[in-house]
Amino acid sequence: MSTDKADALAAASFRNAQFEPRQSTSRFIADALRTAIVEGSLLPGEPLRQDAIARQFSVSAIPVREAFRQLESEGWVTIEPNRGASVSLQSADEAREIYEIRASLESLAIGIAIEQHTPETLAECQRLLKAAANEPDPALYVVRNEQFHMSLYAPAGRPRLMELIGQMHRRGERYLRVKFGLPTFKGQSDAEHQAIYKALCARDTEAAQRLVARHLLATGELVYRFLTERAQAEAAAATPRRKRGRPARTPTTIGS
């Protein structure tokens with residue numbers, strides 16, 4: 001990462017920071033880097049210079065290394081021996097797998113939670129549903145989307161299941177941004193959320209589980225196709241074209 005980019009990242013991060021009393025320095029740096037990746041300030045494959053980041057955040061190398069390890073465990077950063085850290089490349093296969101895992105975990109969670117919901121928890125789900133539907137900012141919509149999904153499962157009382165779902169949300173966050181960068185899909189997602197919420201209110205476990213799974217699997221397939229097509233287009237653009245007027249020669253065989 002260039003010094004200028006590190007300067008801009010640090011300045012924006014500290015300007016907008018709201019420190020929590022127990023928030024560690026490494027967690028703060030990890031959050032700032034994650035935000036920069038999601039927003040596109042740091043691009044896939046871009047090197048992350050440990051010394052530049054440490055200097056701009058006025059810290060030693062230790063919390064930066066800890067932040068890199070945390071982001072590596074979440075799939076945001078790749079660390080290679082003798083090459084250091086870089087922003088992980090987006091993978092069509094990874095995107096699809098993340099949403100397949102989410103579909104399994106979240107259909108399980110809503111099935112457990114549905115009978116535990118109260119009028120108060122359903123009202124909170126509805127509030128978060130509306131907040132997501134009314135959010136025009138893609139970056140904030142990702143947050144609202146996660147809040148709505150997690151509210152569906154919270155009454156299940158399964159902390160380890162919720163932790164796993166939260167991890168998958170974080171790993172899939174930048175892929176979700178791909179979906180909402182495409183036209184029409186926010187409205188489609190909002191409509192699917194509304195259908196899930198109605199099934200939840202009706203205590204229709206089968207429908208709620210089916211709708212959650214369908215919603216997530218469709219997102220995974222959409223992002224998979226988009227990233228696959230983009231990679232194919234980039235590969236085609238990088239392939240040198242044959243010189244015009246010189247058609248490809250076909251090999252001759254002996255005796256022909």
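Leaving aside its neighbours within four places in sequence, with which residues is R34 in contact? In the predicted model described here, the contacts of R34 beyond those neighbours are with Q70, L71, E74, W76 and E173. R34 belongs to helix α2, and its relative accessible area of 10% places it among the buried residues, because buried means under 20%. One of its partners, W76, is separated from R34 by 42 residues in sequence, yet the two C-alpha atoms are 7.2 Å apart in space.

The setting of this residue is a protein of ten helices and three strands. From the N terminus on, the elements follow the order α-α-β-α-α-β-β-α-α-α-α-α-α. Of the 256 residues in the protein, 40% are buried. Among contacts with a separation of 6 or more, 75% are made by residues 24 or more positions apart.

Two of the contacts of R34, Q70 and L71, are also buried residues of helix α4. This helix comprises 13 residues, from 61 to 73. At 1.5 Å a residue, α4 should span 18 Å, and the distance of 19 Å between its end C-alpha atoms agrees with that value. The buried residues of α4 are P63, V64, A67, F68, Q70 and L71. Seen down the helix axis, these buried residues fall within an arc of 165 degrees, so they line one face of α4. The background to this pattern is that an α-helix has 3.6 residues a turn, so residues three or four places apart point the same way. The buried residues of α4 pack against two helices, α2 (25–39) and α3 (50–56), and against the strands β1 (47–48), β2 (77–80) and β3 (84–87). Just after α4, G75 adopts a positive phi of about 90 degrees.

The three strands form an open sheet in the order β1-β3-β2, with antiparallel pairing. The edge strands are β1 and β2, each of which pairs on one side only. In general, strands of a sheet pair through backbone hydrogen bonds, either parallel or antiparallel. Strands β2 and β3 run antiparallel and are joined by four bridges. Within this pair, T78 stands opposite S86 of β3, while I79 has A85 of β3 as its bridge partner. The hairpin of β2 and β3 has three residues between the strands, and N82 in this hairpin takes a positive phi near 70 degrees. Helix α4 lies across β1, β2 and β3, and its direction is at about 115 degrees to that of β2.

A further packing arrangement involves helix α5 (residues 92–113) and helix α7 (residues 138–153). Two packed helices are described by the angle between their axes and the distance between the axes. For α5 and α7, the angle is about 45 degrees and the axes are 7 Å apart. This angle makes α5 oblique to α7, because angles under 35 degrees count as roughly parallel and those from 65 to 115 as roughly perpendicular. On the α5 side, the residues that meet α7 are R102, E106, A109, I110 and A113. Their counterparts in α7 are H149, L152 and Y153.

Conventions. Residues numbered from 1 in each chain as written. Predicted model: local features only at pLDDT ≥ 70, side-chain atom pairs only at ≥ 80, totals over all residues. Heavy atoms only, no water. Expected span 1.5 Å × (residues − 1). Buried < 20%, exposed > 50% of the residue type's maximum accessible area, 1.4 Å probe, protein only. Arc of directions from axis to C-beta. Contact = heavy atoms within 4.5 Å. Pairing = 2+ DSSP bridges. Axes fitted to C-alpha atoms, helices over the stretch in contact; angles between N-to-C directions. Parallel < 35°, antiparallel > 145°, perpendicular 65-115°, else oblique.
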